[in-house]
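Could you walk me through this model in the viewer, one selection at a time? I would like to know what to pick next and what is there.

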Amino acid sequence: MTVNLSKGQAISLEKQDGATLTAVRMGLGWQAAKRRGLFGSRTREIDLDASAVLFAGGEPKDVVFFRHLVSDDGSVRHTGDNRVGGAGQGGDDEAILVDLQRVPVHIDQIVFTVNSFTGQTFQEVQNAFCRLVDETNGQELARYTLAGGGDYTAQIMAKVHRAGSGWTMTAIGAPAGGRTFQDLMPAILPHL
């Protein structure tokens, strides 16, 4: 059963049977919004990028994105860059896999971001979502829908963070400006 998250909402990442999740996939999907023009409607390709920043004690320790596909410890892996989107409400255009059992104990938070590498604003994006999937069985656990567009080029989507012996996911949904994860660092820090 999927939980549709609202901004700031948190869910435990424990399975219904009490077992702990071992591997999750953070999926990102989007479509270019149709724009009405003088000669009808048209769409322009939009290159959104998913990133995962690994933190320990409030300090960034590693990042996974289209130019660094695997974390240094191997626990987090990006499946590859999609430069046009298109899945929208269906499957994932980009995905980041997290082996929660392999995440080093000093890493206490992983923040997922999305940015428009080509600089278009989210007013030009539709059907954008971020979802968390139990990678062991393919069950969607939570979905955060990016609604309303906006005159910004990035968003701090969600984070998974240690909670006792398990993990919790929090939907953040904070708009930001920037074309790369480096540009987003000042916007991420208040959400740790």
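Here is a tour that starts with the whole chain and then moves from selection to selection.

**The whole chain**

Keep in mind as you look around that this is a predicted model. Show the chain as a cartoon, and you will find one helix and 14 strands. Of the 192 residues in the chain, 52% are buried. Now switch on the surface: the accessible area is about 8900 Å², and carbon and sulfur atoms account for 48% of that. If you draw contacts between residues at least 6 apart in sequence, 69% of them join residues at least 24 apart.

**The cores**

Next, select Leu48, Val76, Val98, Ile110 and Phe112, the residues with the most contacts inside the largest nonpolar core, which has 36 residues. Several elements give two or more residues to this core, among them strand 3 (23–32), strand 9 (94–99), strand 10 (109–116) and strand 13 (154–163). Strand 6 contributes the most, with five residues.

Stay with Ile110 and display what surrounds it. Leaving aside residues up to four places away in sequence, Ile110 touches Ala52, Val53, Leu54, Val76, Val98, Val103, Ala158, Lys159 and Val160. Apart from the largest core lies another core, of 14 residues; to find it, select Val63, Ala154, Ile156 and Ala176, which are among its members.

**Ser71 in its loop**

Move on to Ser71, in the loop between strand 7 (59–64) and strand 8 (76–78). Is Ser71 buried or exposed? With a relative accessible area of 4%, Ser71 is buried, because the cut-off for that class is under 20%. Its side chain makes a polar contact of 3.1 Å with the side chain of Asp73. Beyond residues up to four places away in sequence, Ser71 touches Leu54, Asp62, Val64 and Val76.

**The aromatic rings**

Now colour the aromatic residues; the whole structure holds three aromatic pairs. Zoom in on one of them, Phe66 and Phe117, an edge-to-face pair with 5.3 Å centre to centre and 80° between the planes. Which parts does this pair tie together? Phe66 sits in the loop between strand 7 and strand 8, and Phe117 in the loop between strand 10 and strand 11, so the pair links parts that are 51 residues apart in sequence.

Add Phe65 and Phe181 to the selection, and you have the one aromatic cluster that they form with Phe66 and Phe117. Then show Arg179, which lies over the face of Phe117 at 5.7 Å from the ring centre. Phe117 itself counts as partly exposed, because its relative accessibility is 23% and that class runs from 20% to 50%.

**Gln120 on the same loop**

Follow the loop between strand 10 and strand 11 to Gln120. Gln120 counts as buried, at 4% relative accessibility. A polar contact of 2.2 Å joins its side chain to that of Thr118.

**Last stop: Gly173**

Finish in strand 14, where you can select Gly173. Gly173 counts as buried, at 5% relative accessibility. Add Ala158 and draw a line from C-alpha to C-alpha: the two residues are 6.7 Å apart in space and 15 residues apart in sequence.

Key
Residues numbered from 1 in each chain as written. Predicted model: local features only at pLDDT ≥ 70, side-chain atom pairs only at ≥ 80, totals over all residues. Heavy atoms only, no water. Helix = DSSP H or I, 4+ residues; strand = E, 2+ residues; numbered from the N terminus. Buried < 20%, exposed > 50% of the residue type's maximum accessible area, 1.4 Å probe, protein only. Polar contact = N/O pair within 3.5 Å; in protein donor to acceptor, adjacent residues only side chain to side chain. Contact = heavy atoms within 4.5 Å. Core = buried A, V, L, I, M, F, W, Y, C linked by side-chain atoms within 4.5 Å. Areas by Shrake-Rupley, 256 points an atom, 1.4 Å probe, with all protein chains shown as cover. Phe/Tyr/Trp six-rings, centres within 6.5 Å; stacked < 30°, edge-to-face > 60°. Lys NZ or Arg CZ within 6 Å of the ring centre and 35° of its normal.
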